[in-house]
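Here are some numbered remarks on the model, for reading side by side with the sequence. Please keep the structure open while going through them.

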Amino acid sequence: GLVLLVTGLFLSAEQTFFVAVVGLLLATLFGVGMLVLKRGTLQTTLPFVPFLAVGGVIVLWSNAWFVA
């Protein structure tokens, strides 16, 4: 919550939304990959902030071309 709040101070509402969506998709892909490779179980916890950080970088580098 706090990370997205601070992100919202620097980015627009649309960009902040896409940071959350991209971070969620990355975390989902990583978690499914861990399950497929037997590196984790359904009880394994993952920190969400690193995925939000990568999502923020992706949104900034893409120059948010999908937010028009």
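1. L9 is exposed, because its relative accessible area is 66% and the cut-off for exposed is over 50%. This leucine is found in helix 1, which covers residues 2–10. The model is a predicted one, and the remarks below should be read with that in mind.

2. L9 is part of a nonpolar patch on the surface, together with L2, L5, V6 and F10. The accessible area of these residues together is about 600 Å². In soluble globular proteins, nonpolar side chains tend to be buried together. The exposed L9 is worth setting beside that tendency, given its relative accessible area of 66%.

3. What does the overall layout look like? The protein has 3 helices and 0 strands, and the pattern along the sequence is α-α-α. The C-alpha trace spans about 40 × 25 × 15 Å along its principal axes. Among contacts with a separation of 6 or more, 62% join residues that are 24 or more positions apart.

4. Which residues make up the largest nonpolar core? There are 5 of them: L11, V19, V22, L52 and V59. Helix 2 (13–36) and helix 3 (49–61) each supply at least two residues of this core. For the protein as a whole, buried residues make up 26% of the 68 residues. The exposed surface comes to about 5100 Å², and carbon and sulfur atoms supply 75% of that area.

5. L11, one of the core residues, has contacts with T16, V19 and L60 when neighbours within four places in sequence are left aside. T16 has its place in helix 2. Is T16 buried or exposed? T16 counts as buried, because its relative accessibility is 13% and the cut-off is under 20%. Not counting residues up to four places away in sequence, T16 touches L4, T7, G8 and L11. The contact between L11 and T16 thus appears in the lists of both residues.

6. The structure holds 2 aromatic pairs. One of them is formed by F17 and F18, and is edge-to-face, with 5.5 Å centre to centre and 70 degrees between the planes. F17 is exposed, with a relative accessible area of 52%, while F18 counts as partly exposed at 24% relative accessibility.

7. F30 and F51 form an aromatic pair that is tilted, with 5.5 Å centre to centre and 55 degrees between the planes. Why does this pair tie together separate parts of the sequence? F30 lies in helix 2 and F51 in helix 3, so the pair links parts that are 21 residues apart in sequence. F30 counts as partly exposed, at 43% relative accessibility. F51 is buried, with a relative accessible area of 14%.

8. A last point concerns the backbone. Most residues other than glycine have a negative phi. K38 has a phi near 60 degrees, a positive value in a residue other than glycine. Where does K38 sit? K38 has its place in the loop between helix 2 and helix 3. At 73% relative accessibility, K38 counts as exposed.

How values were computed
Residues numbered from 1 in each chain as written. Predicted model: local features only at pLDDT ≥ 70, side-chain atom pairs only at ≥ 80, totals over all residues. Heavy atoms only, no water. Core = buried A, V, L, I, M, F, W, Y, C linked by side-chain atoms within 4.5 Å. Buried < 20%, exposed > 50% of the residue type's maximum accessible area, 1.4 Å probe, protein only. Helix = DSSP H or I, 4+ residues; strand = E, 2+ residues; numbered from the N terminus. Contact = heavy atoms within 4.5 Å. Patch = residues over 30% accessible without salt bridge, like charges linked within 9 Å, V, L, I, M, F, W, Y side chains within 5 Å. Areas by Shrake-Rupley, 256 points an atom, 1.4 Å probe, with all protein chains shown as cover. Salt bridge = Lys/Arg side-chain N within 4 Å of Asp/Glu carboxyl O. Phe/Tyr/Trp six-rings, centres within 6.5 Å; stacked < 30°, edge-to-face > 60°.
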